[in-house]
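Trainee: I am new to this structure. Please show me how to read it, one feature at a time.

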Amino acid sequence: MNPRKKVDLKLIIVGAIGVGKTSLLHQYVHKTFYEEYQTTLGASILSKIIILGDTTLKLQIWDTGGQERFRSMVSTFYKGSDGCILAFDVTDLESFEALDIWRGDVLAKIVPMEQSYPMVLLGNKIDLADRKVPQEVAQGWCREKDIPYFEVSAKNDINVVQAFEMLASRALSRYQSILENHLTESIKLSPDQSRSRCC
Ligand SMILES: Nc1nc2c(ncn2[C@@H]2O[C@H](COP(=O)(O)OP(=O)(O)OP(=O)(O)O)[C@@H](O)[C@H]2O)c(=O)[nH]1
Ligand SMILES: [Mg+2]
């Protein structure tokens, strides 16, 4: 029998209204795409199990609504997340300009750790002709922040799996190094603890 490790990770997807967050998630989890737009009211969760190396990962991915009126409410869901997908629409300049705010909102809810919090940026709808955000501009933003960038299309299923799995793999590495640090700390602590118990 394969003694595969099992890890549960919470991921979130955030970004402005209508950029395609729900569509990206449905493409990744269900391999489906809908042209009709149904805004996400608050948040919803989808799960997917994937295998990375010797680990079975259960991804719980929180889809959040981009409407302004939900911003403070959805930000309460960021807490405890292991990684984040930031999304914008390459045909919507405002959605790109709003990224600093979305990123700031997420980082404000994350407890700072030695290991940096994993994020990836997805520029969605590259199947459309009327692009407003050049690839180099988005890449420049990501370079400054040390975040990987993917140009994607939820509609045509371009780069979607690669982007989600890059985030999952970074979130898993962070989870493992936090776990190792905890174990090292408890090994360091245990001799003192046993001494104090016996004296
Ligand atoms: N052409 C094209 N349209 C897309 C793509 N992804 C999403 N859409 C369309 O964009 C619209 C909005 O998509 P959603 O996935 O609902 O966007 P959202 O970011 O979840 O929106 P909120 O929940 O309101 O924040 C829908 O009509 C989708 O069909 C894409 O890659 N290409
Ligand atoms: Mg949505």
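Mentor: We go from the overall fold to one helix, then to the metal, the rings and the charges.

Trainee: What should I know about the model and its numbering?

Mentor: This is a predicted model: local features need pLDDT of at least 70, side-chain atom pairs count only at pLDDT 80 or more, and totals for chains, interfaces and linings use all residues. Residues are numbered from 1 along each chain as its sequence is written, chains are lettered from A and ligands numbered from 1 in the order in which they are written, and side-chain values use heavy atoms, with hydrogens and water left out.

Trainee: How many helices and strands does the protein chain have?

Mentor: Helices (H or I, at least four residues) and strands (E, at least two) are DSSP runs, numbered from the N terminus. The protein chain has six of each. Along the sequence they run β-α-β-β-α-β-α-α-β-α-β-α. The C-alpha atoms fill a box of roughly 75 × 40 × 30 Å along the principal axes.

Trainee: What share of the protein chain is buried?

Mentor: Buried means under 20% relative accessible area, exposed over 50%, and partly exposed in between (1.4 Å probe, protein chains only). Of the 199 residues in the protein chain, 43% are buried. Contacts tell you about folding back. A contact means heavy atoms within 4.5 Å. Take the contacts between residues at least 6 apart in sequence: 74% of them join residues at least 24 apart.

Trainee: Now a helix. Which residues of helix 5 are buried?

Mentor: The general idea comes from the turn. An α-helix has 3.6 residues a turn, so residues three or four places apart point the same way. In helix 5 (residues 135-145), the buried residues are Ala 138, Trp 141, Cys 142 and Lys 145. Down the axis of helix 5, they fall within an arc of 95 degrees, so they line one face. That arc is taken from the directions from the helix axis to the C-beta atoms. On the other side of helix 5, Glu 136, Arg 143 and Glu 144 are exposed.

Trainee: What covers the buried residues of helix 5?

Mentor: The cover includes strand 4 (83-89), helix 3 (93-97), helix 4 (99-109), strand 5 (119-124) and strand 6 (149-151). After helix 5 comes Asp 146, with a positive phi near 55 degrees.

Trainee: Which residues are the protein donors of the magnesium ion?

Mentor: Donors are N, O and S atoms within 2.8 Å of the metal (3.2 Å for Na, K and Ca); water is not among the atoms, so sites may look incomplete. For the magnesium ion (ligand 2), the protein donors are OG1 of Thr 22 and OG1 of Thr 40, lying 2.0 Å from it. Thr 22 is in helix 1 (residues 21-30) and Thr 40 is in the loop between helix 1 and strand 2 (43-52), so the pair ties together parts 18 residues apart in sequence. Thr 22 is partly exposed, at 25% relative accessible area. Thr 40 is buried, at 12%.

Trainee: How many aromatic pairs are there?

Mentor: A pair of aromatic rings is described by the distance of the centres and the angle of the planes. Rings of Phe, Tyr and Trp (its six-membered ring) pair if their centres lie within 6.5 Å; planes under 30 degrees apart count as stacked, over 60 as edge-to-face and the rest as tilted. The whole structure has four aromatic pairs. One of them, Trp 62 with Phe 77, is tilted: 5.2 Å between centres, 40 degrees between planes. Trp 62 is in strand 3 (residues 55-64), and Phe 77 is in the loop between helix 2 (71-75) and strand 4. Ring pairs also link Phe 88, Phe 96 and Tyr 149 into a cluster.

Trainee: What lies over the face of Trp 62?

Mentor: A charge sits over a ring if NZ of Lys or CZ of Arg is within 6 Å of the ring centre and within 35 degrees of the ring normal. Lys 10 lies over the face of Trp 62, 4.3 Å from the ring centre.

Trainee: How many salt bridges are there?

Mentor: A salt bridge is a side-chain nitrogen of Lys or Arg within 4 Å of a carboxyl oxygen of Asp or Glu. The count is nine. One of them joins Asp 105 and Arg 71, at 2.9 Å from N to O. Asp 105 is in helix 4 and Arg 71 in helix 2, 34 residues apart.
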